[in-house]
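I set out to record what I looked up in this structure, one entry at a time. Each entry keeps to a single topic.

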Amino acid sequence: MELSSVVLFMLSKMNGERSRNACLHIIRGKRSGQTLQDVQYFDLKRFFCILPKLESAIYEEQIDWLIGNRYITEVESRLYVTDDGYKRAKALPPYHFNGWEYRGNETVFFGRLALAIQTLSYFKDGVTSFMPIQTERDIQVFVKGILRNLPIEDSQFSKQVGCELKLALNQSEMSDMQKQIMASRLTGHGITGRTWEQLATDMGRTSLFVYLEFIEGLHRLLDVVHQVSTYHFMRKVAEGIQTSTYLTESALQTRQLYASGLSAEEISAVRGLKQSTIDDHFVEMAINDEAFPLHHFVTLEQADSVVSKVNELGTRRLRVLKSEFEEMSYFQLRLILGAKLGDGT
Amino acid sequence: MTELANVLYEKFGYREFRPGQERVIRSVLEGKDTIAILPTGTGKSLCYQLPSYLLPGSTLIVSPLVALMEDQASSMRRKGEKRVVALNSFLSYQEKKRILSQLQLYKFIFVSPEMLLQEKVENRLRQLDLSLIVVDEAHCISQWGFDFRPDYLRIGEIFNRARPPILALTATADQQVIQDISIYLHMKQPIVEKQSLDRPNLTYVIEKMNSSDKTKWIEERVEQTIGPGIIYVASRKRADQLATILTEKGYSVAAYHAGKEQEDRALIQEQYIRGEVEWICATNAFGMGIHKDDIRQVIHEHLPHTIASYIQEVGRAGRDGKLACAVLLYAQEDENITRFIIHNDMPDRFEVEHYTERMQAGLSPAESAVLAGLSETAKRVIDFYLSQMPLEKVYARIEELQRNKEMDLLQMLSVIHSEICIRKKILDLFGEEHETNLDTCCSVCGLGEIDWLRKTKEAEVQRTMTYSWDERIDVLLGI
């Protein structure tokens, strides 16, 4: 798939509400309060962190292309989708990313899978020495750990794993192209995997196109692996890949300190972090934690009036809301938006 | 059979030593400090592995490149030696702690120079019963070498008192480097075993042309002559560009450089070793740890910065002993381009001044280096000098280094413009005598048609079969 189409789709959800780079931050999975709010408000969670290493120059190319083709326009450094853009966005096939759940960990899963399959591929032929495709220490240690207790020298076992993999790929309903990419990135005894560039040449696409297909395919694969309990092998490989807490590690610490009775200012001092960072943590909690005590920060009346103002104006832009509620701080407004409108409805 | 020959056969399965190996091993067993200069691919690691089996204690191997270290350690494990451990920065804290506590269980201990400097590691090593210390890639200790590693200088200091013999291993070293190795490792009248750098099966060719003609020359070369081959280029960008051009013409080519992600690099290496890719367009990142014996050609599109690196790169061809060819494409402007790159890589007085001022202003060394525009390597070198001498001396030292780099370049150019046999010229520069009488020597001696290089039939490149996705999985897992 084309990154420009993904970006257009995302912009059609945000239409001018957010800055030029808001989309880039989501795609990269930036863990700032603002981005975490954006994915909630605009229902873009699934695109969160799909390309953690996306270079901004590449992102800019997509924006320029979209502007050049009049799918979007830029007014006062905000990006608005044109009628043509909306038509195009509506015609796009649905995206099946699930970035919010995997957050870049899907490539760790594939690294483990590829190393495990490579090991089985060699061991089934009695070859116990080969250059590992993965040099990352954590992945090597993990794969060694799961293979230690499995009959990896038994050719029946490798067949079993192969069947499980094929079944899961089919059941994931990913496209044939995605299956081809998955299988081609695996390497083993007598059959070498293909590089991104080679796959791009094979398929007559760009490397980025192929890579995006790969990531979406991986999300679909992981979704079925998590749903179906009979994928014994792949469930082991996927251990710990799904995000278990939606709060960042740092926000979790702030939550604990707050629960133990410290004020926001005290937490800032104790942790040696800026007040704005601690504020971001609270906004994160407001979005993700159903039991967030919003009433510690604002009155219920304030919250209700902000919600009705948002519905009335049809915007969540903070600057606009701030001018309506001058007595409230930006922090308070963000908390209300997060807690009350966090699910994007 | 002698005892050594017995061990050689029992432990390694060889009937005979390669040239130089036996003398190095005997010298080590006699407890003498030894410097062994053996060309790459001639069994350097055997020189310490074999004596280790005859010595009571452990062997410590200091190795500069983590990747190389891991490669050697895992290759030993594969061959059945399980008492091997690699201490490097890849280890987690727990792993390191565990390994250090049971270090005495290992016969072969690989360690990176940075690790060696950690007090805990150093103290632990002092308690051990070491029988031999090996310094691999020992030319890194020399400030005149092309990859000077300041950490290496401290090896000599650590093991200054009662210590086992030191074996220094390197592929290329001239007189200056040999002297540096001996001094900095505090060696006691070392035995120097030097094998000739000459590779009789290698043909040297220098082609002078315009820069703009190089691509076309390479295209024709790839079309008409045999691989497998490596084309060394100056930059990552050029590696990608050239690989694309050649791929579009239908040749089997891949690019390799440090900018590619790790999996892709591993895949390209594997494809190349298996013959699925015939040519590699690479920066100098390609080569270390690649075990491929049948490379027939190495082409340099750019001018290497030193003869030592040139020798190492062309030395990857023809490991199987069959004829192989090294071609260097030279254009007049290459001289100044290379000079510019070299000086750009080297820190100058202004940058060092900037760097030290920033640090005095309270910035961290890392930040200061970035602001002063120092590369990581440059920072490492400067830090070392600053810890050793006053600023004025550092400036003087840098200027000296600059001059040395220039000397290296002039040496390289003297080979390019040589009117005598290229082989003889190169060997001269490393202090070796050589009388030439090979038919396939070099472009100065005259070559005529290099028939053996011509493609006779359509190249038998093992093209990757086009499998469907489920067939691929079947093949991978034996279904």
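**Entry 1. Terms for exposure.** I first noted that a residue is buried under 20% relative accessible area, exposed over 50%, and partly exposed in between (1.4 Å probe, protein chains only). By this rule Leu323(B), at 30% relative accessibility, counts as partly exposed.

**Entry 2. Ground rules.** The model is predicted, so local features need pLDDT of at least 70 and side-chain atom pairs count only at pLDDT 80 or more, while totals for chains, interfaces and linings use all residues. Residues are numbered from 1 along each chain as its sequence is written, chains are lettered from A and ligands numbered from 1 in the order in which they are written, and side-chain values use heavy atoms, with hydrogens and water left out.

**Entry 3. Leu323(B).** I located Leu323(B) in the loop between H13 and S13 of chain B. Helices (H or I, at least four residues) and strands (E, at least two) are DSSP runs, numbered from the N terminus. Leu453(B) is 130 residues away from Leu323(B) in sequence, yet their C-alpha atoms are 8.8 Å apart in space. I then looked up contacts, meaning heavy atoms within 4.5 Å. With neighbours within four places in sequence left aside, Leu323(B) is in contact with Asn201(B), Arg296(B), Thr440(B) and Trp452(B).

**Entry 4. Helix H13 of chain B.** Why is H13 (residues 307-314) of chain B largely enclosed by the rest of the structure? Eight of its eight residues are buried, so the surroundings largely enclose this helix. Among the buried residues of H13(B) I listed Tyr310(B), Gln312(B) and Glu313(B). The buried residues of H13(B) pack against several elements of chain B, including strand S8 (202-208), strand S13 (324-330) and helix H18 (391-416).

**Entry 5. A cis peptide bond.** I found that the peptide bond from Gly227(B) to Pro228(B) is cis, with omega near -5 degrees. Pro228(B) is placed in the loop between helix H10 (214-224) and S9 of chain B.

**Entry 6. Chain A as a whole.** I counted 19 helices and two strands in chain A. Its C-alpha atoms fill a box of roughly 75 × 55 × 30 Å, taken along the principal axes. Of its 345 residues, 54% count as buried. Among contacts in chain A with a separation of 6 or more, 68% come from residues 24 or more positions apart.

**Entry 7. Positive phi angles.** Which residues did I note with a positive phi although they are not glycines? Cys49(A) has a phi of about 65 degrees, and Arg70(A) has a phi of about 60 degrees. Cys49(A) lies in the loop between helix H3 (33-41) and helix H4 (56-68) of chain A, whereas Arg70(A) lies in the loop between H4 and strand S1 (72-75). Cys49(A) is buried, with a relative accessible area of 7%; Arg70(A) is exposed, with 63%.

**Entry 8. Gln198(A).** Is Gln198(A) buried or exposed? At 14% relative accessibility, Gln198(A) counts as buried. I placed Gln198(A) in helix H11 (residues 196-203) of chain A. Its side chain makes a polar contact with the side chain of Gln271(B), at 2.8 Å. A polar contact is a pair of N or O atoms within 3.5 Å; within protein, one must be able to donate a hydrogen and the other to accept it, and residues adjacent in sequence count only if both atoms are side-chain atoms. Beyond its neighbours within four places in sequence, Gln198(A) is in contact with Gly193(A), Gln271(B) and Val277(B).
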